[in-house]
There are 2 protein chains.
Amino acid sequence: MTTARRRGPDLTEAIMRSTLELGQEIGYAKLSIEAVAARAGAGKHTIYRRWPSKGALLLDSLLSLNESALDYPYTGDVMADLREQIHAAVDLLAGPSFRPLFQALVGETQHDPRLAAALNERFIAPQTAKTLARLQTARDQGQVSPAFDLDLAMAVLSGPLYFRLLITQEPLTHQYVDRILEALFTGMGTGA
Amino acid sequence: MTTARRRGPDLTEAIMRSTLELGQEIGYAKLSIEAVAARAGAGKHTIYRRWPSKGALLLDSLLSLNESALDYPYTGDVMADLREQIHAAVDLLAGPSFRPLFQALVGETQHDPRLAAALNERFIAPQTAKTLARLQTARDQGQVSPAFDLDLAMAVLSGPLYFRLLITQEPLTHQYVDRILEALFTGMGTGA
């Protein structure tokens, strides 16, 4: 007896891909587990067993795009490396293709504490660790001010992007990223 | 014939207050126009006529707390003035009392473009104008670096707060605000 149902990693990949495709086609609000199951060739209970909510399924699907794409390059020039990494992050999650889904996900986390915790554990915390490591190297090499509070780096670097993503909802462009980086390196103070 | 129904500014005030009270008691998800109407002594059609959605009603109710509370003080020391204004903003909108409602509002704006536009027009844009004006004065007085990109000031100052409010969902404290301000004035660069 054979079955047309996919299994294991292939099935997971089909579910992730179907979630993203359907999410882009019909939007998060109309997305349903049933529709994802049908497109992926999976049983809907298979999906419910692994993902407790539509938000959890979307989180995993968006993270499946990520892989190691958001690692920092290392050219020796911290400003260039930050710029390249943040450009990649913007292209991936805030480009026209996935941005509405990423916004919907963050919207969901405002009333789903488990989903908020999962977003932090699986995406924000690892990115924070990478950012901190890159900046610590730069500080050791004298490229970052010893007075700069490195523990705030993720909030200071990402905050202005999330402000535009979630609050003003303007386009996130490479040019915007570059201006933010320039401003953060300059600092507001006169140094006087 | 007399009526117990309130009218005009009194009625508006009762609706705003009832929205905030009920929102704090039962949370945004369970909040209903009917319940607000009942508590405020208003007809529910009166509310629907003025506010197209629950989100729009919450936005106005949160803004009714604001008044001129978020104007910048002017002591002549820009760092002290920014600190005092941001502390006030944090106490008002991100204190334990209203924070869940403000988070719910921003969550709603992720799938309601009209509400997102209203939040920007009625809260973000006026605050941005005030922030820009305060920093321009400071730059004229040599307290802010002439190289700092002032048009980004709102994103740079507020972004890290929204990052904590919406993404990591950690407490927003005066101490966090102070550390962010110090980091932004220092800048990341060595000035080399």
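Chain A is superposed on chain B by a rotation of 180° with 0.0 Å of shift along its axis, at an RMSD of 0.0 Å, and the two copies are thus related as by a two-fold rotation axis. The same surface serves both copies, in that 100% of the contact residues of chain A recur in chain B. The model is a predicted one, and the values below are computed from it.

## The chain and its domains

Chain A contains 9 helices and 0 strands, so that its pattern, when read along the sequence, is α-α-α-α-α-α-α-α-α. The C-alpha trace of chain A spans about 75 × 35 × 30 Å along its principal axes. Of the 192 residues in chain A, 36% count as buried. Among the contacts in chain A with a separation of 6 or more, 57% are accounted for by residues 24 or more positions apart.

Chain A is divided into domain 1, residues 8–50, and domain 2, residues 63–186. The C-alpha centres of these two domains of chain A lie 28 Å apart, and 5 residues of domain 1 of chain A are in contact with 5 residues of domain 2 of chain A. On the side of domain 1 of chain A that touches domain 2 of chain A there are, by class, 2 nonpolar, 3 polar and no charged residues.

## Two helices of chain A

The helices α1 and α4 of chain A can be set side by side, with the span expected at 1.5 Å a residue next to the distance between the end C-alpha atoms.

| Helix | Residues in helix | Expected span | End-to-end C-alpha distance |
|---|---|---|---|
| α1(A) | 19 residues | 27 Å | 27 Å |
| α4(A) | 13 residues | 18 Å | 19 Å |

For α1(A), residues 8–26, the end-to-end distance agrees with the expected span, and the distance for α4(A) likewise agrees with its own expected span.

In α1(A), the buried residues are A:Ile15, A:Met16, A:Ser18, A:Thr19, A:Leu20, A:Leu22 and A:Gly23. These buried residues of α1(A) pack against α2 (33–40), α3 (44–50), α4 (54–66) and α6 of chain A. The residue that follows α1(A) is A:Gly27, whose phi is positive, near 85°.

In α4(A), A:Lys54, A:Gly55, A:Leu57, A:Leu58, A:Leu59, A:Ser61 and A:Leu62 are buried. The cover over the buried residues of α4(A) includes α1, α2, α3, α5 (78–93), α6 and α7 of chain A.

## The interface between the chains

Between the two chains, 42 residues of chain A are in contact with 42 residues of chain B. On the chain A side, two or more residues are given by each of α6 (99–109), α7 (113–140), α8 (153–168) and α9 (174–186) of chain A, and the largest share, 11 residues, comes from α8(A). By class, this side of chain A has 21 nonpolar, 17 polar and 4 charged residues.

The largest nonpolar core has 98 residues, and those with the most contacts inside it are A:Tyr162, A:Leu166, B:Tyr162 and B:Leu166. Leaving aside residues up to four places away in sequence, B:Tyr162 touches A:Gly159, A:Tyr162, A:Phe163, A:Leu166 and A:Ile167.

## Individual residues

In the loop between α8 and α9 of chain A lies A:Gln169, a residue other than glycine whose phi is nevertheless positive, near 55°. Because A:Gln169 has 18 C-beta neighbours inside 10 Å, A:Gln169 counts as partly exposed. In chain B, the loop between α8 (153–168) and α9 (174–186) holds B:Gln169, which has a positive phi of about 55° although it is not a glycine. B:Gln169 also counts as partly exposed, because 18 C-beta neighbours lie inside 10 Å.

A further residue of chain B, B:Ala89, is placed in helix α5 (residues 78–93) of that chain. B:Ala89 is partly exposed because 19 other C-beta atoms lie within 10 Å, whereas a buried residue would need 20 or more. B:Ala89 and B:Leu70 are 19 residues apart in sequence, and their C-alpha atoms are 6.3 Å apart in space.

Notes: Residues numbered from 1 in each chain as written. Chains lettered and ligands numbered in written order. Predicted model: local features only at pLDDT ≥ 70, side-chain atom pairs only at ≥ 80, totals over all residues. Domains from an automatic or database assignment. Contact = placed C-beta atoms within 7 Å. Nonpolar A, V, L, I, M, F, W, Y, C, P; charged D, E, K, R; others polar. Helix = DSSP H or I, 4+ residues; strand = E, 2+ residues; numbered from the N terminus. Buried ≥ 20, exposed ≤ 12 C-beta atoms within 10 Å, placed from the backbone. Least-squares fit on C-alpha atoms with pLDDT ≥ 70 in both. Core = buried A, V, L, I, M, F, W, Y, C linked by C-beta atoms within 7 Å. Expected span 1.5 Å × (residues − 1).
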